[in-house]
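Visitor: I would like to be guided through this protein slowly, with each term explained when it comes up. Could you show it to me before we begin?

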Amino acid sequence: MLQNLIDQFRNVFLAMPVPSRIIAGLLVTVIVIALGFLVRGSSSPKTEYLLGGKLLDEKDLDAAELAFGAAGLTGWRRDGRRMEIPTEQRSDFLAALDASAALPMSLRSHIQAAIDSSTPFESSEQRLARVSHAKERDLSDYIAKFPDVRTASVTYDRGERMGLSRGRKQSASVVVQPEGVDPLSRARIQMIKEMIRASFAGMSIDDVQVTDTNASVMPGDSENDDPLSKKRREEESYYEQKIRAQLAGYGQIHVKTFADIDPTMGSEKASLKFDAQPTTLSESRRKFENESSRPMPGGVPGTQANALSNRPIKIEATTQTTKTKEDQTSSNRVAGQEYETTRTAALTVKRIRVSIGLPMSYYRQVHLHNFLQDNPDKSPEDVEALSDDALQKLRDSTKLAIQSAVTPLLPEVSAGEDRFPLVEVWDYPDLPERQVASSGTGQAALTWLADSWQSIAMLLLAATALLVARGAMKSMGGDTDPAGFSEGFGLELPAPPAPVEEEEGKHEQMEITGGSLKNELVDLVEGNPEVAANVIRSWVGDAA
C-alpha cells in the first residue's frame, strides 16, 4: 500500500509542469522549516513561579536559594518576593525544598518533622531536645507572621531542680527584627510575651524577654524614666496618632507634637467651714412649783409657863407659807459645718503644640484640581504656572482649614487664650525621587519578539513561498490556463452550468444524470465512440 502511494505521488509530480514542480518543492521546504521552528520553539525552557506565585518572606527565599544550590539546580531567579523556576524542572525544585525543610512557614511544621525523624534507638532526652528545638522554630515563624515583624528567633531553656522542689525554672528569649526602622510598639511586645508564656506550661510573663533590634533603649528603661518624661512621651504619641488620622486626606505629611505637662504630682485639699447660726438638734424644758405652810411658834417662854399643868391658852391662826418655783430649759445645738476635699490629678496636660508640614506638591495638585474644576473643557497641559500670590492664597486657606480640623482635638486652654497659635503649618520642598526604569510598551514589545520570533519567521517564509508561487504563475502567462488543462487531457469536460436552453437530441458531451455507472458508460460509448477510445488509450498508456 505504501508503494502504491509513493507511485501515485511520483506520477502526479511527474505529470506537473516544471513551474508547478518548483512551486511544490518550495512549499514542501517551507513546511519542513516551519515544523522545525515549531519543534524548536516548543522545546525552549519556559518558566513559572514557585508554588503558584506565592509571596515568600526574605527568610524563606534565602532558605530556598540554599536548597536549590545544594541540589545543583539552575535556572531559578528571584522576582521580588516570588521565585521563578523552569517549568520542566518543577518537580526537582519542589523535591529540593521538601528535602531541605525549606518550605514556607505556612506549609511546614518543624514539630511534625521532628516527630517523623525520631528513631526507636534515640534516648528520651534527645527526642525531647529535638521537639523543643522544633517548637522554638515554629514559634519564631508564628511571630514573624505579624505585619510589623520581619524575622524572629525564640530561645527556650529550663533550669535544674533545686532541692526537693518538683518545679524547674523556665526562661525564654525572643529576638525580633521589625519591618522598617521603627521599633515595635509596647502593645506588640506585650502580645509576643503573652504568646510565649502561653506556649510553655507554668511560665510567667516575667520569664520572657523580648529584644527589639530597632530599639535604642531597653524595654524596662522607659519604666524607670521620671514620670514627667514618660507622661510627655505618651501624650505626644497619642495626639500625633489622632492628628494623622484626622489629616489622612492631605497625603504624606510631617506631624510633630509637644506636650506641656504640669509638673505637679497631684494635690489634695480639704476645707472645713462652720455656719454662723448653730443648728438645734434637741431642746427640753422643765418647770417646778413647790408650796408649803406650817404654824408659827407661840406661848410664854419659861419653865413655869411650860409645865405640865393644864392652863388655858389662846390659839391664834397664824401659819407660815413657803412657795418655790423653778424653770429649767436645756437644748442640744451643733454648729453647722461644711467639709470639702479637692484632689487634682498628677501631671495634667496644660497644652499641646502641633507642627504640621505639607509638601509643595500638594499646593500644585490643588491648583491643578481647581483649574480643571473651573475649566472643564481644558486639559492639564493648559494649566498656568502657580504664581506667588496664588501660592500664598493657597497656603493661607490650607493653614486655616488644618487649624480648624486639628484644634478641636487638642485640650482646652485657659479662658481668653487663643487656640489657633498652638497649630503651626509649614511646607517643605519634596525633591523628585530617582525614577526606576519600568518595563513600558517598548520593553513589552521586545519581550514578545524574543518569545515569538520562531512563529514570525515561519509566517514570513510562508508569505515568501506564496509570493514565489504568484510570480511563477504570472511568468507562465498570467491568468491563462495551461495547454493541458485547456485540452482536457483528451477528455471533454463539462462546461459550467449556464442558463441556456436545452437542445433536442443527443448531447455531444458527458453528463452526470444520477443513474447507474453502467448505463452511463453505455450511453457514452454509443453516443461518443471517439471519446471512449481516447479514455481507453490513456488507461492503457498509464498501465504500460
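Visitor: In which strand does Ser284 lie, and does this residue count as buried, partly exposed or exposed?
Guide: Ser284 belongs to strand β8, which covers residues 267-295; helices (H or I, at least four residues) and strands (E, at least two) are DSSP runs, numbered from the N terminus. Buried means under 20% relative accessible area, exposed over 50%, and partly exposed in between, with a 1.4 Å probe and protein chains only. Because its relative accessibility is 37%, Ser284 counts as partly exposed.

Visitor: What kind of model is this, and how were its values obtained?
Guide: Residues are numbered from 1 along each chain as its sequence is written, and side-chain values use heavy atoms, with hydrogens and water left out. This is a predicted model, in which local features need pLDDT of at least 70 and side-chain atom pairs count only at pLDDT 80 or more, while totals for chains, interfaces and linings use all residues.

Visitor: Which residues does Ser284 touch, not counting residues up to four places away in sequence?
Guide: Contact means heavy atoms within 4.5 Å. Ser284 and Ser331 are 47 residues apart in sequence, but their C-alpha atoms are 5.9 Å apart in space. With residues up to four places away in sequence set aside, the residues that Ser284 touches are Gln328, Thr329 and Ser330.

Visitor: How many helices and strands does the protein chain have?
Guide: The protein chain has 544 residues, of which 20% count as buried. Among its contacts with a separation of 6 or more, 68% come from residues 24 or more positions apart. As for its elements, the chain has 15 helices and eleven strands.

Visitor: Which residues have the most contacts inside the largest nonpolar core?
Guide: A nonpolar core is a set of buried Ala, Val, Leu, Ile, Met, Phe, Trp, Tyr and Cys residues joined through side-chain atoms within 4.5 Å. The largest one here has 25 residues, and those with the most contacts inside it are Leu247, Ile356, Leu358, Ile402, Val406 and Leu410. The elements giving two or more residues to this core are α9 (227-246), β7 (254-261), β10 (349-359), α10 (360-374), α11 (388-406) and β11 (423-428). Apart from it lies another core, of 18 residues, which includes Ile143, Phe146, Val149 and Val154.

Visitor: Is α10 roughly parallel or roughly perpendicular to α11?
Guide: Axes are lines fitted to C-alpha atoms, for helices over the stretch in contact, and angles run from 0 to 180 degrees between N-to-C directions. The two helices α10 and α11 pack at an angle of about 100°, with their axes 10 Å apart. Angles under 35 degrees count as roughly parallel, over 145 as roughly antiparallel, 65 to 115 as roughly perpendicular and the rest as oblique. Therefore α10 is roughly perpendicular to α11.

Visitor: Which residues in α11 are met by residues in α10?
Guide: From α10, the residues that take part are Met360, Tyr362, Tyr363, Val366, His367 and Asn370. On the other side, the residues that they meet in α11 are Leu391, Leu394, Arg395 and Thr398.

Visitor: Which strands stand at the edges of the open sheet with the order β7-β10-β11?
Guide: Two strands pair if DSSP finds at least two bridges between them, and this open sheet of three strands has mixed pairing. Eight bridges join β7 to β10, which run antiparallel, and Ala259 stands opposite Ile352 in β10. Helix α10 lies across β10 and β11, running at about 65° to β10. The edge strands, each of which pairs on one side only, are β7 and β11.

Visitor: Which side chains of strand β6 are buried?
Guide: Five bridges join strand β5 (residues 170-178) to β6, and the two strands run parallel, with Val208 in β6 as the bridge partner of Ala172. Along β6 (residues 208-212) the side chains alternate, so that Gln209 and Thr211 point to one face and are not buried, while those that point to the other face and are buried are Val208, Val210 and Asp212.

Visitor: Does Pro429 count as buried or exposed?
Guide: Pro429 has its place in the loop between β11 and α12 (441-475). Its C-alpha atom is separated by 8.7 Å from that of Leu358, which is 71 residues apart from it along the chain. Because its relative accessibility is 61%, Pro429 counts as exposed.
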